[in-house]
Amino acid sequence: MARLDPARETGRLRLRPFAERDLDRLSELVADPSVNRYLYSEPRTAEAARTLLDERLARDPDAPRIDLCVALRDSDEMVGDFVLWWDPTHRQGEMGGSLLPAHQGRGYATEVYGVLLGVAFDELDLHRVVGRCDARNEASIRSLERAGLRREAHFVENEFVKGEWTSEVVLAQRAETWRADR
Ligand SMILES: CC(C)(COP(=O)(O)OP(=O)(O)OC[C@H]1O[C@@H](n2cnc3c(N)ncnc32)[C@H](O)[C@@H]1OP(=O)(O)O)[C@@H](O)C(=O)NCCC(=O)NCCS
């Protein structure tokens with residue numbers, strides 16, 4: 001199962017597979033400098049967004065990965081792009097995502113991570129899920145912590161990204177502690 005099928009709804013959001021109608025919003029998202037600031041990627045063109053959407057639409061449903069379009073529940077307008085992928089052998093998952101700037105600061109990422117943790121532990125039977133961020137990416141670290149992940153590691157200058165040494169924070173949640181926390 002590598003699709004969130006059927007789509008899930010939370011109080012404010014609809015989490016569903018990507019569709020052709022998401023191209024304009026996805027183009028906005030990948031072109032935004034602030035969204036790319038702490039990612040490995042640079043702001044990308046509309047053509048690159050087209051390629052990205054085509055890859056999403058063609059994804060093998062048996063691949064251990066869920067690409068999730070986060071849309072507003074009322075209008076179905078795309079506001080974010082999230083992913084959960086996993087290693088079936090070790091039952092380890094990793095999640096992350098981006099929101100359009102106009103939709104940040106509303107708790108949407110925390111809401112999405114909550115759903116993804118439920119999928120990871122209750123449906124996929126994963127043992128542990130991590131989030132990895134540039135140590136300067138405080139908004140991302142806070143949203144993962146709000147979703148219940150704990151800081152496990154802070155690697156100092158372990159990567160060379162966009163011309164500089166960067167440090168990485170790893171946060172994690174295990175199935176056992178996630179169940180105990182609820
Ligand atoms: C990472 C990212 C998705 C987090 O988005 P976010 O909107 O900051 O996080 P949340 O959706 O969890 O929202 C939490 C914020 O909304 C506020 N908020 C407002 N209404 C809220 C509500 N109803 N429920 C919860 N939080 C709410 C919180 O106070 C919090 O603000 P604070 O962090 O200033 O205290 C976003 O910063 C982003 O897209 N960044 C660019 C891409 C990126 O770096 N991705 C991470 C890669 S590792």
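In this predicted model, strand E6 (residues 128–134) teams up with strand E8 (residues 164–174) in the antiparallel sense, and 7 bridges hold the pairing. One spot to look for is Arg132, which sits opposite Val170 in E8. E6 also has E5 as a partner: here the two strands run parallel and are joined by 3 bridges. Across this pairing, Gly93 faces Val129 in E6. Put helix H4 into the picture as well, and E5, H4 and E6 turn out to form a right-handed β-α-β unit. As for E6 itself, 6 of its 7 residues are buried, so the rest of the structure largely encloses this strand.

Now for the ligand. It has 20 residues around it, and the closest are Gly105, Ala109, Thr110, Asn137 and Arg142. Sorted by type, this shell holds 6 nonpolar, 9 polar and 5 charged residues.

Several contacts involve oxygen atoms of the ligand. An N or O atom in the side chain of Asn137 comes to 2.8 Å from one, while for Gly107 a backbone N or O atom lies at 2.9 Å. Gln104 joins in through a polar side-chain atom, 3.2 Å from a ligand oxygen. Taken on its own, the ligand has 950 Å² of accessible area, and the protein covers 71% of that.

Which elements give two or more residues to the shell? They are strand E5 (92–99), helix H4 (108–123) and helix H5 (138–146). H5 supplies the largest share, with 5 residues. E5 and H4 are thus met twice, once in the β-α-β unit and once around the ligand.

Definitions and conventions:
Residues are numbered from 1 along each chain as its sequence is written. This is a predicted model: local features need pLDDT of at least 70, side-chain atom pairs count only at pLDDT 80 or more; totals for chains, interfaces and linings use all residues. Side-chain values use heavy atoms; hydrogens and water are left out. A residue is near a molecule or strand if one of its heavy atoms lies within 4 Å of it. A polar contact is a pair of N or O atoms within 3.5 Å; within protein, one must be able to donate a hydrogen and the other to accept it, and residues adjacent in sequence count only if both atoms are side-chain atoms. Accessible areas come from the Shrake-Rupley method with a 1.4 Å probe; for residues, only the protein chains shown count as cover. Helices (H or I, at least four residues) and strands (E, at least two) are DSSP runs, numbered from the N terminus. Ala, Val, Leu, Ile, Met, Phe, Trp, Tyr, Cys and Pro count as nonpolar, Asp, Glu, Lys and Arg as charged, and the others, Gly among them, as polar. Buried means under 20% relative accessible area, exposed over 50%, partly exposed in between (1.4 Å probe, protein chains only). Two strands pair if DSSP finds at least two bridges between them. A crossover is right-handed if, with the strands pointing away from the viewer, the path from the first strand over the helix to the second runs clockwise.
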